[in-house]
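I opened the model today to look up a few things about it. My notes follow the order in which I looked.

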Amino acid sequence: MDFSALLTSLRNDKNIPNGRKNILINDMSYVMMEPGTWELDERGEAMRWSPEKSVRLSEAVTWVALVCAIVSIPLLPFLPRILYLPGTLLFDSRYLTEAFVPLYLCLACGVVALVILLFLLRDIGRGEVFTQSNVTRLRVISWCGFAILVVCVAAAILVSARPTFILLAAAAGFLGLLMRVIKNVIDAARLLKEDADYTI
Amino acid sequence: MAITVNLDVVMATRHMPAGELAARVGITPANLSVLKNNKAKAIRFSTLEALCRELDCQPGDILEYEEGIDNE
């Protein structure tokens, strides 16, 4: 009996409770049949979480973030009414009007970074991970983070809503730094891959 | 790199077609082309051994060091 047939028979066996459907592989180990994780697909094979599905999830989340960013462009002037909570330091209506310019600049950088991220994920989905174009994309995303950092630091000095912009600057600076390190790692991996590809 | 691959010369003297050599050595014709055109960054001993066996030559016949040449 092959593995998928064994899974089917176990799944359909009503005498065994779901939590006890374990598959003995050998004397030492067994596979737990957790509900939902070992469902069978139309070919009868066990479906598992795969890198392809992970990339698709990342793409979906990026699309959602991009749509949110684009939707927030016309909504930004109404943000104080939407998000205003008494006593909060963030998005105080007194400060938001003068903060429009830096907020729109940050939003533009964010949209650019998200669009580049979509291209990056598209290439990762195709299996083209360690390429020069991906290194360039990560570099641009990193610079978007640093651009937001500069805008927010300038806004923290010039605009009254200081805590909001300091928080944004810290988050953007950390993102930029993280992306830069990932870019360095991908670049090193690209060189290694190039060496491996040209070793005959 | 100052190392030059003279595989095409050795192949020509042995009258060995590229496709046949690739099949005998166990590499793809594309990889053989990379090797012939001096694009390769490294060569495995196993590949070199198979090339020497099939072409009945020494590693020195295939590889040559030339001072002052930089292919990179």
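The entries below cover the fold of one chain, helix packing, cores, the interface and a few single residues.

**Entry 1: status of the model.** I note at the start that this is a predicted model.

**Entry 2: chain A overall.** I counted the secondary structure of chain A and found seven helices and two strands. Read along the sequence, the order is α-β-β-α-α-α-α-α-α. I then looked up burial: 18% of the 200 residues of chain A count as buried. For contact range, I took the contacts in chain A between residues at least 6 apart in sequence; 66% of these join residues at least 24 apart.

**Entry 3: helix 5 against helix 6 in chain A.** I looked up how helix 5 and helix 6 of chain A pack. Their axes are 9 Å apart and the angle is about 165°. Angles over 145 degrees count as roughly antiparallel, so helix 5 of chain A is roughly antiparallel to helix 6 of chain A. The crossing of these two helices is left-handed. On the side of helix 5 of chain A, the contact includes Pro102(A), Leu105(A), Cys106(A), Cys109(A) and Val112(A). On the side of helix 6 of chain A, the residues include Val140(A), Ile141(A), Cys144(A), Ile148(A) and Cys152(A). I sorted the residues of this contact by class and got 18 nonpolar, one polar and two charged.

**Entry 4: Ala154(A).** I picked one residue of helix 6 of chain A, Ala154(A). Is Ala154(A) buried or exposed? Neither term fits: Ala154(A) has 15 other C-beta atoms within 10 Å and is therefore partly exposed. I also looked up its distance to Pro102(A), which is 52 residues away in sequence; C-alpha to C-alpha, the two are 8.5 Å apart.

**Entry 5: nonpolar cores.** Which residues have the most contacts inside the largest nonpolar core? I found Cys106(A), Ile148(A), Cys152(A) and Leu168(A), in a core of 24 residues. Helix 5 (100-125), helix 6 (132-158) and helix 7 (162-197) of chain A each supply at least two residues of this core. I followed Cys106(A) further: leaving out residues up to four places away in sequence, Cys106(A) touches Ile148(A), Val151(A), Cys152(A) and Leu168(A). There is a second, separate core of 11 residues, which includes Ile200(A) from chain A and Met11(B), Leu32(B) and Ala40(B) from chain B.

**Entry 6: chain A with chain B.** I next looked up the contacts between the chains. Four residues of chain A are in contact with 11 residues of chain B. On the chain B side, helix 3 (residues 29-36) gives the most, with three residues. By class, the residues on that side of chain B are six nonpolar, two polar and three charged.

**Entry 7: helix 2 against helix 4 in chain B.** Helix 2 (residues 18-25) and helix 4 (residues 45-55) of chain B pack at about 125°, and their axes are 9 Å apart. That angle makes helix 2 of chain B oblique to helix 4 of chain B. I noted the crossing of these helices as right-handed. Helix 2 of chain B contributes Leu21(B), Arg24(B) and Val25(B), while helix 4 of chain B contributes Thr47(B), Ala50(B), Leu51(B) and Glu54(B). The residues of this contact are four nonpolar, one polar and two charged.

**Entry 8: Ile62(B).** Ile62(B) sits in helix 5 (residues 59-62) of chain B. Why does Ile62(B) count as buried? Ile62(B) has 20 C-beta neighbours inside 10 Å, and a residue is buried if there are 20 or more. Beyond four places in sequence, Ile62(B) touches Val5(B), Asn6(B), Leu7(B), Val10(B), Leu51(B) and Cys57(B). I also checked Asp8(B), which is 54 residues from Ile62(B) along the chain; the C-alpha atoms of the two are separated by 8.7 Å.

**Entry 9: positive phi in chain B.** I looked up two residues of chain B with positive phi. His15(B) is not a glycine, yet its phi is about 55°. His15(B) lies in the loop between helix 1 (7-14) and helix 2 of chain B. With 6 other C-beta atoms within 10 Å, His15(B) is exposed. Asn38(B), also a residue other than glycine, has a positive phi near 60°. I placed Asn38(B) in the loop between helix 3 and helix 4 of chain B. Asn38(B) has 15 other C-beta atoms within 10 Å and is partly exposed.

Note on methods: Residues numbered from 1 in each chain as written. Chains lettered and ligands numbered in written order. Predicted model: local features only at pLDDT ≥ 70, side-chain atom pairs only at ≥ 80, totals over all residues. Contact = placed C-beta atoms within 7 Å. Helix = DSSP H or I, 4+ residues; strand = E, 2+ residues; numbered from the N terminus. Nonpolar A, V, L, I, M, F, W, Y, C, P; charged D, E, K, R; others polar. Core = buried A, V, L, I, M, F, W, Y, C linked by C-beta atoms within 7 Å. Buried ≥ 20, exposed ≤ 12 C-beta atoms within 10 Å, placed from the backbone. Axes fitted to C-alpha atoms, helices over the stretch in contact; angles between N-to-C directions. Parallel < 35°, antiparallel > 145°, perpendicular 65-115°, else oblique. Left-handed = near helix turned anticlockwise from the far one by under 90°.
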